Amino acid sequence: MPHRAPHTTSTTESGSFCTARCTCGWRGPARRARSQARTDAERHLAEVAGGPGTGTTPERPVE
C-alpha cells in the first residue's frame, strides 16, 4: 500500500464565518457556527480514512 500523507484539519475565521481546511487542499463550506465547521472537518477525516460517516446520507442536515 502506498504511503499517504496524514490529513491535518484546522478551522479559520473570516468575519462571522468559520471554514474547515485540510493539509490535502480540501476546504469545507463557510459556516456561522464553529461547531459545524469542526463537524465538517471530522467528516472529511472519516471519509479519507474510509471510516464511519462515508455514506451518501449525512448524519446531520447540511446547513
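User: How do I read helix 1, and what span does it reach from its first C-alpha to its last?

Analyst: Start with the general idea. An α-helix has 3.6 residues a turn, so residues three or four places apart point the same way. Now the case here, in a predicted model. Helix 1 covers residues 34-49, which is 16 residues. From first C-alpha to last, helix 1 reaches 23 Å. That is close to the 22 Å expected at 1.5 Å a residue.

User: Which residues of helix 1 are buried?

Analyst: Gln 36, Ala 37, Thr 39, Asp 40, Ala 41, Arg 43, His 44 and Ala 46. The cover over these buried residues includes strand 1 and strand 2.

User: What comes just after helix 1?

Analyst: Gly 50, with a positive phi of about 75°.

User: Where does the helix sit in the overall pattern of the protein?

Analyst: Read along the sequence, the pattern is β-β-α. The protein has 1 helix and 2 strands. Of its 63 residues, 22% are buried. The protein exposes about 4,700 Å², and carbon and sulfur atoms supply 52% of that area.

User: How do the two strands run, and how many bridges join them?

Analyst: Strand 1 and strand 2 run antiparallel, joined by 6 bridges. Strand 1 spans residues 9-14. Strand 2 spans residues 17-22. Two residue pairs help you line them up. Thr 11 stands opposite Ala 20, and Thr 12 stands opposite Thr 19.

User: What should I look for in the hairpin between the strands?

Analyst: Look at Gly 15. The hairpin has 2 residues between the strands, and Gly 15 takes a positive phi near 65°.

User: Now single positions. Is Thr 19 buried or exposed?

Analyst: Compare the relative accessible area with the cut-off: buried means under 20%. Thr 19 has 8%, so Thr 19 is buried. Thr 19 lies in strand 2. Leaving out residues up to four places away in sequence, Thr 19 touches Ser 10, Thr 11, Thr 12, Arg 27, Gly 28, Pro 29, Ala 30 and Ala 37.

User: And what about Thr 11, in strand 1?

Analyst: Thr 11 is partly exposed, because its relative accessible area is 39%. Beyond four places in sequence, Thr 11 touches Cys 18, Thr 19, Ala 20, Ala 37 and Arg 38. Of these, Ala 37 is among the buried residues of helix 1. For a distance along the chain versus through space, take Thr 11 and Ser 35. They are 24 residues apart in sequence and 10.0 Å apart in space, C-alpha to C-alpha.

User: How much of the contact set joins residues at least 24 apart?

Analyst: Count contacts between residues at least 6 apart in sequence. In this protein, 18% of those join residues at least 24 apart.

User: Which side-chain contact does Glu 13 make with Arg 34?

Analyst: A polar contact of 2.7 Å joins the two side chains. Glu 13 is found in strand 1. Glu 13 counts as exposed because its relative accessible area is 52%. Past four places in sequence, Glu 13 touches Cys 18 and Arg 34. Glu 13 and Ala 30 are 17 residues apart in sequence and 8.9 Å apart in space, C-alpha to C-alpha.

User: Last feature. How many disulfides does a search of the whole structure find?

Analyst: General idea: a disulfide is a covalent bond between the sulfur atoms of two cysteines. The search here finds 0 disulfides.

User: Why is there no bond between Cys 22 and Cys 24?

Analyst: The cut-off is a sulfur pair within 2.5 Å. The sulfur of Cys 22 is 3.7 Å from that of Cys 24, its closest cysteine sulfur, so the two are too far apart for a bond. Cys 24 is in no disulfide.

User: Are those two cysteines buried or exposed?

Analyst: Cys 22 is buried, because its relative accessible area is 9%. Cys 24 is at 45% relative accessibility, so Cys 24 counts as partly exposed.

Note on methods. Residues are numbered from 1 along each chain as its sequence is written. This is a predicted model: local features need pLDDT of at least 70, side-chain atom pairs count only at pLDDT 80 or more; totals for chains, interfaces and linings use all residues. Side-chain values use heavy atoms; hydrogens and water are left out. Helices (H or I, at least four residues) and strands (E, at least two) are DSSP runs, numbered from the N terminus. Buried means under 20% relative accessible area, exposed over 50%, partly exposed in between (1.4 Å probe, protein chains only). Contact means heavy atoms within 4.5 Å. Two strands pair if DSSP finds at least two bridges between them. Accessible areas come from the Shrake-Rupley method with a 1.4 Å probe; for residues, only the protein chains shown count as cover. A polar contact is a pair of N or O atoms within 3.5 Å; within protein, one must be able to donate a hydrogen and the other to accept it, and residues adjacent in sequence count only if both atoms are side-chain atoms. The expected span of a helix is 1.5 Å times one less than its number of residues.
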